[in-house]
Amino acid sequence: MKNYKKGGHMDVIENLYNGLPSFTDVFTEESFYVFVVCFVLSTFLIAFILSRFITIKPME
């Protein structure tokens, strides 16, 4: 029978969790709204550009 360190995988998860900044450390309320607006506009722009190059043909 092998002896495994109890909770070894939880230590890795806790180290990763503690290493990531929290939401409030990254965004203020205003910066979050600016990010969302920029993300939505860039998504529309990328979809528009890709629609010029990708055509869907019906199967017959």
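Read from one end of the sequence to the other, the protein follows the pattern α-α-α. The model described here is predicted, and it contains three helices and zero strands. The confidence score, pLDDT, averages 87 over the protein, and 88% of the residues score at least 70. Among the helices, α3 has the highest confidence, with a mean of 96, whereas α1 has the lowest, with a mean of 86. Such scores are worth keeping in mind, because predicted coordinates should not be read in detail where pLDDT is low.

Helix α1 offers a good place to begin a closer look. It covers residues 8–19, twelve residues in total. From the first C-alpha to the last, α1 reaches 17 Å, which is close to the 16 Å expected at 1.5 Å a residue. This helix is hardly covered, and the count of buried residues among its twelve residues is zero. The protein as a whole gives a matching picture: buried residues make up 0% of its 60 residues. The area that the protein exposes comes to about 6,500 Å², and carbon and sulfur atoms supply 69% of that area.

Aromatic side chains provide the next point of interest. A search of the whole structure finds six aromatic pairs. One of them joins F23 and F32 in an edge-to-face arrangement, with 5.5 Å from centre to centre and 70° between the planes. The pair counts as edge-to-face because its planes are over 60 degrees apart. Within this pair, F32 has a relative accessibility of 29% and therefore counts as partly exposed. Another pair, F27 and F35, is tilted, with centres 5.4 Å apart and an angle of 40° between the planes. F27 is partly exposed at 22% relative accessibility; a residue must fall under 20% to be called buried, so F27 does not qualify. Its partner F35 is also partly exposed, at 42%. These four phenylalanines belong to one aromatic cluster, made up of F23, F27, F32, Y33, F35 and F39.

A further group of side chains lies on the surface. L45, I46, F48, I49, L50, F53, I54 and I56 form a nonpolar patch there, and together they have about 910 Å² of accessible area. One of these residues, I54, is found in the segment after α3, the helix that spans residues 29–53. I54 has a relative accessible area of 54% and is exposed, because the cut-off for that class is over 50%.

Technical notes
Residues are numbered from 1 along each chain as its sequence is written. This is a predicted model: local features need pLDDT of at least 70, side-chain atom pairs count only at pLDDT 80 or more; totals for chains, interfaces and linings use all residues. Side-chain values use heavy atoms; hydrogens and water are left out. Helices (H or I, at least four residues) and strands (E, at least two) are DSSP runs, numbered from the N terminus. The expected span of a helix is 1.5 Å times one less than its number of residues. Buried means under 20% relative accessible area, exposed over 50%, partly exposed in between (1.4 Å probe, protein chains only). Accessible areas come from the Shrake-Rupley method with a 1.4 Å probe; for residues, only the protein chains shown count as cover. Rings of Phe, Tyr and Trp (its six-membered ring) pair if their centres lie within 6.5 Å; planes under 30 degrees apart count as stacked, over 60 as edge-to-face and the rest as tilted. Patches are made of residues with over 30% relative accessible area and no salt bridge: like charges are joined within 9 Å, nonpolar side chains (Val, Leu, Ile, Met, Phe, Trp, Tyr) within 5 Å. A salt bridge is a side-chain nitrogen of Lys or Arg within 4 Å of a carboxyl oxygen of Asp or Glu. pLDDT is the predictor's confidence in each residue, from 0 to 100.
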